[in-house]
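User: I am new to this structure. Please take me through one chain contact and one helix.

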Amino acid sequence: MDDKDLEILEILEQDSRMSDKDIAVSMSLKPEEVGSRIKELKKAGIIKKHSTVIDWKAADRPQVTAYIDLKVVPGERTGFEELANTIASHENVTDVCVASGEYDLVVKVRCNDIDEISKFVTEVLAPKKSIMSTYTRFVLKNFKENGAIMSAKAADDKQIYTP
Amino acid sequence: MISKKVAGVPPSGIRRFFDLASESEDIISLGVGEPDFQTPESVKDAGIRAIEANKTHYSSNQGLAELREKIAERLEKENDIEASKDDVLITSGSSEALDVSLRAVLDPGDEVIIFDPAYVAYAPLITFAGGVPVAVPTSEDNGFKPRQEDIESKITDKTKALLFCTPNNPTGSVMGKKELSGLTDIIIKNDLVAISDEIYQKIIYDGNKHYSIASFPGMAKRTITLNGFSKAYASTGWRLGYAHAKGELFEGIKKIHQYCMLSSPSISQYAMLEAFDDRTVERMVREFDRRRKLLVKGLCDIEGIDCRTPEGAFYVFPNIRKTGMTSEEFAEHLIKKADVAVVPGNVFGKSGEGHVRCSYSVSLTEIKEAVRRISRAIE
C-alpha cells in the first residue's frame with residue numbers, strides 16, 4: 001500500500017464505476033498499472049466489493065429496514081465472533097457489527113415487509129441460546145445511505161450569483 | 001438617473017448563461033467559480049462559537065489583530081513578502097480588496113493594464129473607479145502569458161497600474177519567476193503600481209510554485225497583494241479577503257475601507273482564525289488535480305476541441321474554434337443539446353473568443369458524464 005493505492009481507493013469509494021482508464025488519466029498512470037493495483041487491493045482483501053446504492057422506494061419496490069440490537073452471552077473461546085458470523089451469513093442481513101454500549105451486536109436487516117423482519121427476529125434470532133434479548137428499531141425514513149443522499153430532492157439551495 | 005460611467009458598463013455576460021442553465025433540470029454546470037467542497041468543520045464551529053459569545057459587533061477597521069498576524073506570518077513564509085500585521089487589511093472578500101485598491105491609486109482617466117482574457121470584474125471595477133482599462137491581448141500559443149513587447153506597446157503617460165491574476169481566472173495559467181521578473185522591469189521603469197490578485201494561490205499543480213510579485217526586488221513599496229479565504233478554504237459565502245501593501249498605498253486602501261465598509265464581517269474573521277490548516281486544502285487540490293487531468297484528456301479526445309493543460313486554479317479554457325462556432329454559439333449549443341453549462345470565453349475579453357471556460361467544481365463522475373454529453377453534441 002502506497003500513496004497511489006490510497007488515491008485509487010479514494011476515487012473508487014466515491015464512484016466504483018470509474019474505469020481503470022479514467023483513473024489512470026486522472027492520476028497520470030498507465031491503465032495497466034491501475035488494473036494491477038486494483039487486483040492487488042482485492043487480493044489483499046482491502047477492496048471488498050463494488051455495489052450500487054439503490055432507492056428501492058423510488059423504484060416502486062419499497063423495502064423495510066430495521067436495526068436489531070442484541071444482548072449476547074459471549075462464547076467461551078469465540079467471543080461474539082461465532083454468532084456474528086452466523087447472523088452475517090443470512091441473506092437479508094446487510095450489516096453486522098460489535099458495538100460498545102448497552103447492546104453487544106447491531107444487526108441491520110432489509111426485507112420486503114414487516115412480517116419478514118418479525119419472522120427473522122422471532123424465528124432466527126430469538127431461539128439462539130446465546131442471544132439474551134433483542135431490541136428492534138424500524139427505519140421510518142432514510143436520508144443518506146452509504147454516502148448517497150436518499151431524499152428525492154437533494155438540498156440544492158445554491159444561489160445564482162455573478163460574476 | 002445613474003452616471004454615464006455606470007450606465008456604460010454592460011451587465012455580466014456570465015449571468016445570461018446561468019439563467020439559460022437554470023431552465024434545465026438535469027444540467028451539469030461547469031460554469032460556477034467556486035469549489036464544490038464545504039467550509040472546514042473547524043471554521044464553521046469557530047463561527048458558531050463567535051456568534052454564541054456575542055462577537056457580533058464591528059471589529060477594528062483594519063480587522064482582527066490575531067487574524068492579521070496569522071496572515072502576515074503566511075505572507076512571509078509562503079509568499080516571501082516582508083509583512084507585519086500593520087500592513088494587512090481585512091476586507092469583505094478579495095473583491096472589496098480589489099475595489100479599494102483601484103480607488104486608492106486611480107485619478108480620473110488613469111489607465112490600468114489588464115491581460116486579456118481577464119476576470120470579468122476587472123474592467124468594470126476600473127471604470128467605476130474612474131480609470132480606463134487597457135487590455136493587453138494574450139494567446140494560447142504563449143500559455144496565456146503576456147509578451148513584454150505587447151505590454152510596452154500599451155503604456156502611455158496615463159498608465160498608472162497593472163492588474164493581473166496568477167494562477168489565472170479564466171485560463172488557469174500560472175506566471176513563473178521569469179514572467180514576473182519581466183513585469184517587474186516594466187513596472188519599475190514606468191513607475192507603475194502592481195495590483196496582484198493571488199486568490200487562487202493554493203490551487204496549483206504539477207509542482208509549480210506560486211510567486212508573488214511583491215517579493216521581487218524593488219516591488220514591495222509599489223505592490224498591493226490581494227488574497228482571501230474563499231477559494232482555498234471553500235468559504236465564498238463568508239466574504240473574507242485581505243490586501244497587503246506598504247506605506248502610502250496601504251494608508252490609501254485602509255482609508256477607503258474604513259469609510260465605505262467600516263470593518264469586515266467580525267463573525268467571519270473569528271471563524272477564519274481556524275482556517276489555516278493546509279491538510280484540507282491539500283486534499284482538495286489533489287481532488288481538483290484528478291478532475292483537471294480527466295477533463296483535459298476528455299476534451300482533447302473530442303474532435304474540434306483542443307485543450308491545454310492549465311497549471312493552476314480550477315478552470316480549463318479549451319479552444320473550440322475548429323467546431324466553426326463562436327464562443328457564445330458553442331456555449332448555447334451545449335446548454336441546449338448537451339445539458340452542460342460552460343461560460344463563453346468572450347465574456348473575459350476579446351482574446352477569450354474561440355474558447356470557453358469550464359470549471360471542474362464537479363465530481364469525477366460528473367466530469368465523465370459532461371465530457372460524454374459534449375462529445376455527443378459536437379460530433
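The turns below deal with a predicted model, taking the chain contact before the helix.

User: Which helix supplies the largest share of the side of chain B that touches chain A?
Analyst: The contact joins 16 residues of chain B to 12 residues of chain A. On the chain B side, α2 (13–22), α11 (278–300) and α13 (364–378) each supply at least two residues. The largest share is five residues, and it comes from α11(B).

User: How many residues of each class, nonpolar, polar and charged, does that side of chain B have?
Analyst: The side in question is the part of chain B that touches chain A. Sorted by class, its residues are six nonpolar, four polar and six charged.

User: What span should helix α9 of chain B have, at 1.5 Å a residue?
Analyst: Helix α9 of chain B takes in residues 247–260, which is 14 residues. Its end C-alpha atoms are 20 Å apart, and this agrees with the expected span of 20 Å.

User: Why are the buried residues of α9(B) placed on the same side?
Analyst: The buried residues are Leu249(B), Phe250(B), Ile253(B) and His257(B). In an α-helix with 3.6 residues a turn, residues three or four places apart point the same way. The buried residues of α9(B) are on the same side because they cover an arc around the axis of only 95°.

User: Which residues are exposed on the other side of α9(B)?
Analyst: The buried residues of α9(B) have cover that includes β2 (88–91), α5 (93–105), β6 (193–197), β7 (223–228) and β8 (241–244) of chain B. On the other side of α9(B), the exposed residues are Gly247(B), Glu248(B), Glu251(B) and Tyr259(B).

User: Which residue with a positive phi follows α9(B)?
Analyst: The phi in question is near 60°. The residue that follows α9(B) with this positive value is Leu262(B).

Key. Residues numbered from 1 in each chain as written. Chains lettered and ligands numbered in written order. Predicted model: local features only at pLDDT ≥ 70, side-chain atom pairs only at ≥ 80, totals over all residues. Contact = placed C-beta atoms within 7 Å. Helix = DSSP H or I, 4+ residues; strand = E, 2+ residues; numbered from the N terminus. Nonpolar A, V, L, I, M, F, W, Y, C, P; charged D, E, K, R; others polar. Expected span 1.5 Å × (residues − 1). Buried ≥ 20, exposed ≤ 12 C-beta atoms within 10 Å, placed from the backbone. Arc of directions from axis to C-beta.
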